[in-house]
Each structure stands twice: as structure tokens, then as C-alpha cells.
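Okay, thanks everyone, let me get the picture up on the screen. I'll keep this short, and you can stop me whenever you like.

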Amino acid sequence: MTAEIITLRKVSKVYGSGESAVRALDSVSLSVRERDFVAVMGPSGSGKSTLMHILGCLDVPSSGDYFFAGEDVAQMGETELARIRNRRIGFVFQQFHLLPSMSAWRNVELPLLYRSTTGRRERALRALDEVGLANRVDHRPNQLSGGQQQRVAIARALVTEPTLILADEPTGNLDSQSSKDVLALLRSLNEAGHTVVLITHDAGVASVAGRVVEMSDGTLRERAAA
Amino acid sequence: MNLLRTFDTGFRGLLGHRLRSVLTTLGILFGVAAVICTVGIGQASTDSVQARIAALGTNLLTVTPGSTVSAGVNGGSGSATSLSMQDVSGLSDSYDAPDIEAVAPVVSGRGSLVSTASNWSTTVQGSTPAWLVTNARSMGSGSFFSDHDVQHHAQVMVLGATTALELGAGVGDIVTVNGIPFTVDGILASSGGQGFTNGDDLAVVPITTAQDDITGGSANSVQRILLSATSTDTIGSAYQEADALLLATHHIDTPADADFTITAQSSLQSTAESVTTTLTILLASVAAISLLVGGIGVMNSMLVSVTGRTREIGLRKALGATPGDLMRQFLIEAATLSFVGGVLGVGAALLAAWLIPRFTGISVTLTPAPIIIAVTVAAGVGLIFGVYPAARAARLAPIDALRAE
């Protein structure tokens, strides 16, 4: 029996108020266990981005409970949430979000700057090695291909040894070969013991995950494993 | 995040945006330098105008005769010969005119001066030793002739600096005026004043000698009487005393009929004061405008620089930076740019203050106040507009900041 990392209980998120209120999440419950590889699938507007923000502690639910590795995230203030994001979650974004002025390893080092750690360069280099970019550490993002940039972003997510890797449409801006590489990388990270939550609208991408849940109109539905 | 690493991150942020950092620094640099230079130039002009006015003398009065009217033609001020040596001795009376310090009668004419080296034509004034005081002049070398010389019609002279230079004459040399030899007793220090007559091109001889040999005319009549009040403050009462005394000795009952005019140089003083006030206002407005322009430049470059980094702020937040971390980072960045820009701006201003007089002849006076104010305002504006947009971005939800364009 593995530990439960994510526990969402009847979580709702409402944007706006009164007549114009939009219920982006409607009483969603979800649990993710350690070493899971879960894909959240759904068309745009289904609420999957909102779910990702809440899972990633980038936003807090309007109602319901959210426990992350046993901590009650729904009640946390901004500084506490920043700490959780820094220690516990590795983000992979569709747009990569690398800082263009910094070399690959400086980008990977970024999250380590917001905690007290020594040997930051060594850790950054090790993470880049894990994603197969040991020979690109001093390259700037604009000197790297899209696939390589996304691998730098994955190394940045890994470097903090997070409890959860949260990937939001990680292949949305990549060609099919790079997409395959990135998905294979996420798959192998999962096999190496990382917990991964993948958010996508693409059934093909979702199929690499061991478990798929579907979002539609703010509600969540488990899909039977294929 | 500890302080050292915050500094490291801040500097790395600056180095990562080299062009932006350089442009922002330049904005602050030019803002500061422009303020310091414009105020410096304004200050120098103010000083120079005030010095020129002061050099004209501000406690002096001049008495000139009234006008002659012959056959309906008004000869103009000074054409009558109504002033006499009796007026001079009357005005010199320290009981009747306690606020008048010195009285000098003046006659003048043109003379052709010849030295062993050269010749020069100029104004020759006849007067008494009081001439020096009533013209607010001083000696450059040698000495002024004495009362004894005046009594004995001595053939001695004092030259203006320009005249002495043109004649190539020094103290002790002989210079002839219209063929009559004079010994040069002294040479006046340069007047520095830029009046309508050149105060440095003249010769002064004893009034008695002048009347004998140069101007001719009655030994009793004088063309002008120069007065100096005991101080700038007593010039008003000195004026009153001179006016009353001359009206009485000339037996004139109604002041409107006076056959003389007293010109107070104190009108110069009030002019000087209003000029100074105007210049101060001008200077302050120039400084305020350049501060405003400089400040807006700094504000723009800072706003653009920080607003363009909203996504970076969002990313750093997503990766675990707290609002405090971000505030410190941008504070350090803004403070560094402001400081470096300010210091370089002062440097540029000093360089300009050194170069401008060499190439344009415009002088620049640097005083500490504008330097301090310019640096403080530029750095303050830089800090506020470097940190305020960062603080706003740091308050955004990270996801909104990440999506910013």
C-alpha cells in the first residue's frame, strides 16, 4: 500500500460572483498515490486547467478539502503555498517558461535559489544529465530545440526531488518526435519512482499514463483502464 | 532566501538583461547630469550678473547739471554749467551732509596721450583723490595723486589698465597729453564692470591741472560731482542731504525747478535685486523641469524594464519564490541601477562642467545642493518605479503572471 499524495474532497472553484459566477470545478474528488502516473484529460473549458492550478498550489479552492502529502493546503497562506510549490511540486509548462537570459543549468538551478541548499550547480548538472542534456548545460534556451527546452524544464522540475511532477500540456508546443521523447522521459521518470500528473486534451498523450481521468463541465470521471 | 543569494540573484537579473540595464542606467545618468549641468550653468550666469552689477558700485550718487535751453532748443541733461567748486565744498561738509562719505568733482575732455613707446587717444578726467572712492575703484600699482598735487597743479596722472597697456607705460614713466608732460603716479586695477563706458580706458589727472591744460573753462565750474554714501544703507539719506544742500546753495525753492540732477546708483541696486530674484526663479524652474524630465525618463525605463518581466515573476513564484523574495530581488536591482546611474551621472556632470567652459566659454558653477537633490530624486524615482510594478506583479496569482504577454 503506497501513501496517498493528493486527496481532493468535493473541491469546487468558483470564479466571479453573483450572476456572472462561473463554476469551473464542481465538487471534484480525486486521490493520487505515490508512483502513480495519472492523466487528466478533457477539452478546453472543461476545468482541467483550474484543476491543475489547484493541484499545483497555484490557486486555492473555493470550497472542499485539499490535502497534499497530508498537509491541509486549502487553508494555507501565500508564503506557505510558495514553500509547498518549492519543495513538493515540479512544474512542466506548455510554454516551457525558461528564462531566456540564463544558461540551461542556471534555469535548472532556479528553484534551488528559494531554499537553503548547497551544491546547487552539482544538483542542476545531475538533473540535466537525467534528461539527457549533459552536453548542453551552458546553452541558452534560444540555442536549444523545443524538445531540448522542454527537457531542461523537466530537469528544473526534477532538481528539487519533488513529491509530484505536474505537467500541463507538456507536448502542446512540440513536434511529434519531440513529443514522443518528452512523454517517454516522463514515463521513465515515473518508472524510476516519481509521481506524475499529466494534463492534456489529447487522448494519444493521455494513453502513456497508467490511469486516465476525464474532466467535463467541471466534473471529474474515472475512465476504466484500457 | 538568504541575503547573499538575493544579491546574487539581483545582479544576475541585471546581467541577464544587459541592454535593458544599460538603457535604464543611461536614463538615470542623463537625468542626473542634465539637472546638475543646467543648474550649474544657471548658477554661473547668476553669479556673473551679480558680480557685474556689484562692480558698478551701489552706494554711489552722481550729480549732473541741468539742461540749457537756448532759443527754444533744449541742450539736454548736463549741458548747463550750474555746478561749481562751492557745491563740492558744501557737499563735503560732514555736518550738513553726514551720510556723504566722499565727494569728487569731475571735469573731462579728450586727450592725445603719447608715451615713449606708443600713442593713444582717450578720455582724460580731472578730479581729486576722492575720485577713487566715489568710483569704487582701487589701484593696481603705484598710488593715486594726492590733495597736495591738486593744490599745486601737479603734472601727474593715473592711467586705466587698458590705457597703460596701449601706451606701454608703467609707474614713473612720462606720458604727454596734448604735448604737456605728465608723470604716471599709478595704474588703476581693472574695473571688471561692463558699463556703457570702458572703465579701464581713461587717464585721471588733478582737476586743477586738467582745467589749466586740457578741458579749459572756468576754474570754478565742474561737469559732474560724484558722491559716495557711507554705506549702501545710508544712500537714501545721502541723496536727501545732497538734494537739500544744492537746492539751498542754488537758491531754488521748488524742487521741480532744480538746475541739477542726482542719479542714484541705488536704482542699480534695486535692479540688481530684481534681476537676482528673476534669475533665482529662472534657475529653480530650469532645475524643476530638468528634474521632472529626468525623473520621467527614469520612471519610464524602470516601468518598462519591470513590466516586461511579469512572466519571469510568475515563473519565479511558481517555483517557490515568496512575494518577499521577489520584492528584495527587484529592490536590489533598482537600487543598483539607481546608484550606478546616479554616480555615473555625477561623473558625467563633472566632466561636462570641465569641458563646457573649455569649448564654449560658458562657465559652470557646481554646488553641492543640485548634485544631492538630483541624485536623491533620480535614485528615489528609480527605486519607486523599479519596485512598485514588481510589487504589483508579485501580488498577482502566479498563473496570471505566467500568462501575461
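I'll talk about helix packing first and then about empty space. One thing to keep in mind: this is a predicted model.

So, helix 10 of chain B, which runs over residues 310–318. I'd like to start there and look at two of its neighbours.

The first neighbour is helix 11 of chain B, residues 323–360. How far apart are the axes of helix 10 and helix 11 of chain B, and at what angle do the two pack? They're 10 Å apart, and the angle is about 140°. Roughly antiparallel would need an angle over 145 degrees, and therefore helix 10 and helix 11 of chain B count as oblique to each other. The crossing of this pair is right-handed.

Now, who's touching whom? On the helix 10 side of chain B you've got B:E312, B:I313, B:R316 and B:K317. Across from them, helix 11 of chain B puts in B:P323, B:L326, B:Q329 and B:F330. Sort the residues of that contact by class and you get four nonpolar, one polar and three charged.

The second neighbour is helix 12 of chain B, residues 368–395. Here the axes of helix 10 and helix 12 of chain B come within 9 Å and cross at roughly 45°. That angle makes helix 10 of chain B oblique to helix 12 of chain B. The handedness of this crossing is right-handed. From helix 10 of chain B, the contact uses B:T310, B:I313 and B:K317, while helix 12 of chain B brings B:A390, B:A393, B:A394 and B:R395. The class split for this contact is four nonpolar, one polar and two charged.

If you've been keeping track of names, B:I313 and B:K317 meet helix 11 of chain B, and B:I313 and B:K317 also take part in the contact with helix 12 of chain B.

Let's stay with helix 10 of chain B for a moment and move on to pockets. Which element gives the largest share of the lining of the second largest pocket? That's helix 10 of chain B, with four residues. The volume of this pocket is about 340 Å³. There are 17 lining residues, and nearest the centre you find A:L98, A:L99, A:P100, B:R311 and B:E312. By class, the pocket lining has five nonpolar, seven polar and five charged residues. And B:E312, remember, is also in the contact with helix 11 of chain B.

Okay, cavities. The structure has four of 30 Å³ or more, and I'll show you two.

The largest cavity holds about 90 Å³ of space. Its lining is made of 15 residues, with B:L14, B:S305, B:R309, B:E333 and B:L337 nearest the centre. Helix 1, helix 2, helix 9 and helix 11 of chain B each supply at least two lining residues, and helix 11 of chain B gives the most, four. Six of the lining residues are nonpolar, six polar and three charged.

The second largest cavity comes in at about 50 Å³. Look at the chain letters in its lining: A:R85, A:I89, A:F91 and A:R156 are among them, and so is B:L319. Strand 6 of chain A gives the largest share, three residues. The classes are five nonpolar, three polar and two charged.

That's my tour, so over to you.

Technical notes: Residues are numbered from 1 along each chain as its sequence is written. Chains are lettered from A and ligands numbered from 1 in the order in which they are written. This is a predicted model: local features need pLDDT of at least 70, side-chain atom pairs count only at pLDDT 80 or more; totals for chains, interfaces and linings use all residues. Side-chain values use heavy atoms; hydrogens and water are left out. Axes are lines fitted to C-alpha atoms, for helices over the stretch in contact, and angles run from 0 to 180 degrees between N-to-C directions. Angles under 35 degrees count as roughly parallel, over 145 as roughly antiparallel, 65 to 115 as roughly perpendicular and the rest as oblique. A crossing is left-handed if the near helix is turned anticlockwise from the far one by less than a right angle, and right-handed if clockwise. Contact means heavy atoms within 4.5 Å. Ala, Val, Leu, Ile, Met, Phe, Trp, Tyr, Cys and Pro count as nonpolar, Asp, Glu, Lys and Arg as charged, and the others, Gly among them, as polar. On a 1 Å grid over the protein atoms alone, a cavity is a set of points where a 1.4 Å probe fits but cannot get out, and a pocket is an open set with protein on both sides within 12 Å along at least five of seven lines; lining residues have an atom within 4 Å of a point. Grid points are joined across faces, edges and corners, and a volume is the space filled by probe spheres set on the points.
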